[in-house]
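Here's a quick tour for anyone new to reading protein models. Have a look at the fold below, then we'll walk through the sheet and what sits beside it.

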Amino acid sequence: MNKSLLIWASAIILLVVSGYVVYSVVKSDSANAQSPAQSERQAEPTAEPSAHYTSVSSTNPEHLEIDIRWVKGNPEGDIQIVKFSDFQCPACNIVRPHLDRIVNERDDVYVVYKHFPLRGSHMYALPAAQAAEAAGRQGNFWDMHNKIFADQSQWSRETGQQVMNRFRRYASELDLNSEQFEADMLSDEVMRIVMNDQQEGGNLGVRSVPGVFVNGKTIPNYRIYNDFLNAVLEHK
Amino acid sequence: MKYKTGFILILILSFAGFLDSLYLTFNHLYGAIPDCGVVDGCDTVTTSEYSEIAGIPIAIPGTLFYLFVFLMSVLWFDKQPKWIPTLLTGLAFPAFLFSAWLVYLQLFVIEAICIFCMFSAFTSTSIFIISALLKFKGTQ
């Protein structure tokens, strides 16, 4: 065979095949990501639940059996979306409006927020989770959650003191009892709740954030709402 | 440096860079975020405002750059044209500068590291160095 032809044919075949492999890897990550089955969950005991857990009345066996504290949407809904999330993670912020929108548009969905602060790479993720939990103690988890996420790109660059002052300011804007907020934020109980969430996420195989589960199956992170919606409906 | 050795290295590096940036491109187009595990900042970097320029994901020109360099290396193995080291040096220099800027952004502006992006900086820098060596010190 002609040497030139052989060289070029090999190169083109190599490019096409390897390009297709990369495409397939990304596509399968995007479309078919499966969660570890619930049966694979480690049997490690989680921290003892506090009195602050919410119960949902859904009986769908595909739903994750986890401690649920913060829920949006219809708790009787057939679609359970669980988001293991880090307040300092931009991708978690990208999926946030998708979750709000799906809850507004559909009455068969409920969304559960779970903490998964990546303390190794996001130094304010843990204090942010503590601030949200502390606000939750005074009935304002979601408002605090929204405020923290809304200004994520700003406080992520601030100093530790500035961040704490900012969270205190949010608490006062939400008319929270500031002493109570401060005490709760630093309390062992709140820390235990956050760690409990993280442990549950770890047991479910969460390795990066956000870890989003739809009826027990993980889905990838989507920037575009319709892609997200399609992935949710696939697991309905 | 011998031309043959240099072009084998460029061929390997451009192929690896092509796969790397193709992976980032597909992830961007699919709206997905590369899974770099718990300790990395891939989400921060690939969702940052710097991941696109004028609406074009920067991984796309990266993919085209590596594809072109790969094809030029193949052309060298086919016909050994003398102008290829000059062309590659001219092309790899802006790519190297662009990579240096992206590394700066990751380290000092975004303050997060995306391992796939750093790998691309490594491949483009290496391609530039080898191309320049071939242009100025290349031997048969």
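Two strands count as paired if DSSP finds at least two bridges between them, and strands (E, at least two residues) and helices (H or I, at least four) are DSSP runs numbered from the N terminus. With that in hand, chain A has an open sheet of five strands in the order 1-3-2-4-5, with mixed pairing. Keep in mind that this is a predicted model, where local features need pLDDT of at least 70, side-chain atom pairs count only at pLDDT 80 or more, and totals for chains, interfaces and linings use all residues. Residues are numbered from 1 along each chain as its sequence is written, chains are lettered from A and ligands numbered from 1 in the order in which they are written, and side-chain values use heavy atoms, leaving out hydrogens and water.

**The sheet**
- Sheets like this are held together by pairing through backbone hydrogen bonds, either parallel or antiparallel.
- An open sheet of five strands, ordered 1-3-2-4-5 in chain A, has strand 1 (70-73) and strand 5 (217-219) of chain A as its edges, each pairing on one side only.
- From one strand to the next, the twist averages 25 degrees (axes are lines fitted to C-alpha atoms, and angles run from 0 to 180 degrees between N-to-C directions).

**Strand 2 and its neighbours**
- Strand 2 of chain A (residues 79-85) has seven of its seven residues buried (under 20% relative accessible area with a 1.4 Å probe, protein chains only).
- Both faces are covered: I79(A), I81(A), K83(A) and S85(A) are on one side, with Q80(A), V82(A) and F84(A) on the other.
- Strand 2 of chain A runs parallel to strand 3 of chain A, joined by seven bridges, and K83(A) stands opposite Y113(A) there.
- Going from strand 2 through helix 2 to strand 3 of chain A, the β-α-β crossover is right-handed (with the strands pointing away from you, the path from the first strand over the helix to the second runs clockwise).
- Strand 4 of chain A (residues 211-214) runs antiparallel to strand 2 of chain A, with four bridges; F84(A) partners G211(A), and I81(A) partners V214(A).

**The cavity**
- What lines the largest cavity? The lining is K72(A), K83(A), R96(A), L99(A), D100(A), V111(A), Y113(A), W142(A) and H145(A).
- Helix 2 of chain A gives the most to this lining, with three residues.

Definitions and conventions
On a 1 Å grid over the protein atoms alone, a cavity is a set of points where a 1.4 Å probe fits but cannot get out, and a pocket is an open set with protein on both sides within 12 Å along at least five of seven lines; lining residues have an atom within 4 Å of a point. Buried means under 20% relative accessible area, exposed over 50%, partly exposed in between (1.4 Å probe, protein chains only).
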